[in-house]
Each structure stands twice: as C-alpha cells, then as structure tokens.
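User: I am new to this structure. Could you take me through it in short questions and answers?

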Amino acid sequence: MADLWDFIQHFQIDRARENAIDAKYTALSASSQIEQLEQRVEALALTCQAMWELLSRQQDFSNQLLMEKMEEIDLRDGVRDGKSTATSQHCQQCRHKLSDRHPYCFYCGAALPKGQAFQRKAR
Ligand SMILES: [Zn+2]
C-alpha cells in the first residue's frame with residue numbers, strides 16, 4: 001500500500017514540475033511579447049511626435065482637424081472603437097495570417113516586410 005501511495009505522490013510531484021516548467025515558458029513568452037510591444041509603442045510615440053511637430057507648423061492645422069481625421073479613420077471599419085482598421089498579411093515563412101501592425105511573425109519569429117512610418121520597427 002505504501003508503494004502505491006509513493007507512486008501516486010511521485011506522479012503528482014512530476015506533474016506539478018511539468019506544470020511549473022510550462023508556466024515558466026509561458027511567462028517567458030509573455031515577457032518577450034510585452035518587450036516587443038513596448039518597443040512598438042515607443043516607435044509609434046516617436047512617429048506621432050514627429051508628425052505632430054511637422055503638422056503644427058502648418059497654418060491650416062488644428063486640434064479639431066486632427067480629431068475629425070482620427071474619427072474618420074476609426075470609422076473606416078464601420079465601428080467606433082478608438083482603433084485604426086488593421087489590414088492583414090501572411091507570413092512569408094510559415095503562412096500564418098497576421099496584422100500589418102506587427103513587425104514580426106508571432107508564430108515563427110520571421111521579420112515581416114517593413115511598411116510605412118507606422119509599421120516601422122523600434123530600435
Ligand atoms: Zn511566420
């Protein structure tokens with residue numbers, strides 16, 4: 001009977017170890033994705049600041065004009081959700097469908113073609 005109890009305990013301990021290892025890799029993956037998102041946000045903030053400084057020099061530029069343009073872009077997909085419409089592309093390496101917003105493939109890590117300023121990768 002003690003052997004069966006030991007066997008069950010060892011089985012549960014092994015399962016707990018496997019769960020801990022899985023959780024560790026999940027956390028590492030999430031941490032890496034957060035780091036890449038932070039780099040993306042920094043690149044977008046830099047792009048927005050540069051655009052703001054260039055546009056604010058224009059005589060016909062105003063906050064009202066900016067807000068109207070933001071609303072028009074938001075509504076391009078028919079939904080007022082405070083987001084721009086994402087277009088999609090396929091990874092040339094693994095063929096998964098991805099948003100144009102991503103600088104790399106979440107599935108295989110391949111770099112995606114660079115687009116315009118808002119798709120630029122942070123340094
Ligand atoms: Zn891929």
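User: Arginine 17 and aspartate 14 are a place to start. At 39% relative accessibility, is aspartate 14 buried, partly exposed or exposed?
Analyst: A note first: this is a predicted model. Buried means under 20% relative accessible area, and exposed means over 50%. Aspartate 14 has 39% relative accessibility, so it counts as partly exposed.

User: Which residue meets the side chain of aspartate 14 in a salt bridge?
Analyst: Look within helix α1, residues 2-55. The partner lies three residues from aspartate 14, about one turn of the helix. The partner is exposed, with a relative accessible area of 53%. The N to O distance is 3.6 Å, and the partner is arginine 17.

User: What is the order of the elements from the N terminus on?
Analyst: The secondary structure comes to two helices and two strands. Helix α1 covers residues 2-55, and helix α2 covers residues 63-74. Strand β1 spans 88-90 and strand β2 spans 97-99. From the N terminus on, the order is α-α-β-β.

User: How much of the chain is buried?
Analyst: The chain has 123 residues. Its accessible surface comes to about 10,300 Å², with 55% belonging to carbon and sulfur atoms. A residue is buried under 20% relative accessible area. Buried residues make up 13%.

User: Among contacts with a separation of 6 or more, what share comes from residues 24 or more positions apart?
Analyst: A contact here means heavy atoms within 4.5 Å. Counting contacts with a separation of 6 or more, the share from residues 24 or more positions apart is 25%.

User: Which residue forms a salt bridge with glutamate 72 in helix α2?
Analyst: The two residues are three apart in helix α2, about one helical turn. Glutamate 72 is partly exposed at 35% relative accessibility. The partner is partly exposed too, with a relative accessible area of 43%. The N to O distance is 2.8 Å, and the partner is lysine 69.

User: How far apart are the closest N and O atoms of arginine 80 and glutamate 71?
Analyst: Arginine 80 is exposed at 57% relative accessibility. Glutamate 71 is partly exposed at 35%. They form a salt bridge, and their closest N and O atoms are apart by 2.6 Å.

User: Which residues do salt bridges with shared partners join into one network?
Analyst: The structure holds four salt bridges. Some of them share partners. The network they make joins Lys69, Glu72 and Arg76.

User: Which residues coordinate the zinc ion?
Analyst: The donors follow the spacing C-x2-C-x10-C-x2-C along the chain. Each donor is an SG atom, at 2.3 Å. The residues are Cys91, Cys94, Cys105 and Cys108.

User: What is the geometry of the zinc site?
Analyst: Four donors count as tetrahedral if all angles lie between 85 and 135 degrees. Ideal tetrahedral angles at a metal are 109.5 degrees. The angles among the four donor atoms here run from 103 to 117°, and the site is tetrahedral.

User: Where in the chain do cysteine 94 and cysteine 108 lie?
Analyst: Cysteine 94 is partly exposed, with a relative accessible area of 28%. Cysteine 108 is partly exposed as well, at 31% relative accessibility. They are 14 residues apart and link distant parts of the chain. Cysteine 94 is in the loop between β1 and β2, and cysteine 108 is in the segment after β2.

User: What is the phi of arginine 95?
Analyst: Arginine 95 lies in the loop between β1 and β2. It is exposed, at 52% relative accessibility. Arginine 95 is not a glycine, yet its phi is positive, at about 70°.

User: How many aromatic pairs are there?
Analyst: Rings pair if their centres lie within 6.5 Å. By this rule the count is two.

User: What kind of aromatic pair do tryptophan 52 and phenylalanine 61 form?
Analyst: Tryptophan 52 is partly exposed, with a relative accessible area of 39%. Phenylalanine 61 is buried, at 18%. Their centres lie 5.4 Å apart, with 80° between the planes. Planes over 60 degrees apart count as edge-to-face, and this pair is edge-to-face.

User: Which residue pairs with tyrosine 104?
Analyst: Tyrosine 104 is buried, with a relative accessible area of 9%. The pair is edge-to-face, 5.0 Å centre to centre and 85° between the planes. The partner is partly exposed at 34% relative accessibility. The partner is phenylalanine 106.

Technical notes. Residues are numbered from 1 along each chain as its sequence is written. Side-chain values use heavy atoms; hydrogens and water are left out. Helices (H or I, at least four residues) and strands (E, at least two) are DSSP runs, numbered from the N terminus. Buried means under 20% relative accessible area, exposed over 50%, partly exposed in between (1.4 Å probe, protein chains only). Accessible areas come from the Shrake-Rupley method with a 1.4 Å probe; for residues, only the protein chains shown count as cover. Donors are N, O and S atoms within 2.8 Å of the metal (3.2 Å for Na, K and Ca); water is not among the atoms, so sites may look incomplete. Four donors count as tetrahedral if all angles lie between 85 and 135 degrees; four count as square planar and six as octahedral if opposite donors are over 155 degrees apart and all others between 65 and 115; anything else is irregular. Rings of Phe, Tyr and Trp (its six-membered ring) pair if their centres lie within 6.5 Å; planes under 30 degrees apart count as stacked, over 60 as edge-to-face and the rest as tilted.
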